[in-house]
Amino acid sequence: MKQYNFDEMIDRHGTNAIKVDMLKELFGKEDLIPLWVADMDFRTPDFIINAIQERCKHEIFGYTSAPDNYFESIINWVDYKYHWKVEQEWINYIPGIVKGIGMALDCFTQPGDKVIIQPPVYHPFRLIPEGMKREVVYNPLRLTAEGYEMDFEQLESIIDKECKVFILCNPHNPGGIVWSKETLVRLAEICAKNHILVISDEIHSEMAYPQHKHHPFATVSETASSCALTFMAPSKTFNIAGIVTSYSIIPDREIREQFYTYLEARGMGEGTIFAYTATTAAYTYGAEWLQQMRMYIMENVRYVEKFIQTNIPQIKVYLPQASFLIWLDCRELQLSQEALVRFFVDKAGLALNDGSMFGSGGEGYMRLNIGCPRAVLEQAMNALQKAMKKK
Ligand SMILES: Cc1ncc(COP(=O)(O)O)c(C=O)c1O
């Protein structure tokens with residue numbers, strides 16, 4: 001069996017990679033270790049590169065429809081990963097999940113309608129509805145000794161007739177939480193009872209760790225299926241975010257007809273050649289690479305957890321259950337948010353995400369991207385330890 005090398009160091013400078021080439025603009029400095037925007041520093045797997053190179057040999061890149069094996073690869077993958085049997089007509093290409101959320105809000109809501117989100121959460125969940133003049137209402141996650149949980153009492157108390165959409169992060173970014181089936185069932189009951197559409201963003205689901213089973217929201221009950229619009233993608237998993245390839249799955253006929261008619265009318269559901277090629281290759285040949293990548297990431301989690309526990313115990317590692325992002329609780333450092341961010345940048349030379357960008361509950365936290373060779377993490381952890389000593 002082929003062994004992939006995740007230790008390989010690849011210089012991304014000069015490729016316009018946001019993660020490395022925008023450091024100066026966004027952090028004020030260039031010489032930082034980039035551990036922020038959520039893509040990985042691993043080489044895109046060979047089976048995807050080969051498929052793209054193969055297609056390139058033809059040398060005509062005209063208008064191209066979705067090949068049947070594109071749908072087939074998604075259907076088989078979703079069955080393999082989650083035992084979810086989906087039908088081809090439930091699936092549609094979308095040009096990214098963030099754009100998908102914007103399109104769904106445009107399709108199902110009006111300016112002034114309310115959209116519920118659960119901070120601390122992926123910031124476009126707030127920015128997109130706000131930019132579209134929808135009112136964002138908050139159902140903050142509750143942090144308990146066992147970890148984050150949804151606050152259903154608070155949710156029921158904020159719901160009124162203007163609430164039209166709930167944006168679910170499943171698994172949750174930045175906490176890396178794989179929601180239990182019971183949680184999702186209860187959420188579905190509340191949303192369905194109140195005629196609220198649940199947009200379930202499942203972009204991180206393929207990277208749930210083996211001991212944490214991901215449940216696509218639409219599969220947890222018939223009620224959930226009746227109010228769900230699911231977004232998935234191979235882009236995070238296989239490090240192809242720049243190719244822009246995501247898709248929606250909608251089992252409910254009414255929701256599906258409304259959304260897919262909306263997409264078709266605007267010509268927005270058409271994929272690109274390389275989106276189809278890359279997705280099909282990822283889902284046809286990607287299982288083994290993904291296993292190996294996930295193992296490597298889990299080792300990275302263990303490394304960071306142990307290093308910080310041993311050397312920087314003032315920082316608490318919130319252990320992720322999926323994906324390559326670690327939520328660091330830095331509240332014990334007792335720094336203002338601005339001073340915390342400056343500490344990481346100026347003293348440690350590290351570019352992490354400022355926890356407060358994810359909304360309330362994010363203050364005092366930083367988000368660390370560990371989708372990189374271990375040697376980079378080692379360098380980063382040593383730099384952090386050194387900075388702590390001088391603090
Ligand atoms: C929860 C979540 N949704 C969506 C995205 C981005 O998806 P896309 O590139 O398909 O818009 C990210 C990227 O970090 C994410 O973490």
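This short talk covers one strand and three helices of the structure above.

This is a predicted model, in which local features need pLDDT of at least 70, side-chain atom pairs count only at pLDDT 80 or more, and totals for chains, interfaces and linings use all residues. Residues are numbered from 1 along each chain as its sequence is written, and side-chain values use heavy atoms, leaving out hydrogens and water. Helices (H or I, at least four residues) and strands (E, at least two) are DSSP runs, numbered from the N terminus.

I start with strand E2, residues 91-94. Ile91 and Tyr93 on one side are buried, as are Asn92 and Ile94 on the other; buried means under 20% relative accessible area with a 1.4 Å probe, protein chains only. E2 runs antiparallel to strand E10, residues 246-249, and four bridges join them. Two strands pair if DSSP finds at least two bridges between them. Ile94 has Ser246 as its bridge partner in E10.

Next, helix H4 (residues 68-82) and helix H12 (residues 287-311). Their axes, lines fitted to C-alpha atoms over the stretch in contact, come within 13 Å and cross at roughly 40°. From H4, Trp77, Tyr80 and Lys81 make the contact; from H12, Ala287, Leu290 and Arg294 do. Contact means heavy atoms within 4.5 Å.

Last, helix H13, residues 337-347. Which of its residues are buried? They are Gln337, Leu340, Val341, Phe343, Phe344 and Val345. These pack against helices H2 (23-27) and H14 (374-390) and strands E13 (350-351), E14 (353-354) and E15 (365-369). Just after H13, Gly349 has a positive phi of about 70°.

Methods. Buried < 20%, exposed > 50% of the residue type's maximum accessible area, 1.4 Å probe, protein only. Axes fitted to C-alpha atoms, helices over the stretch in contact; angles between N-to-C directions.
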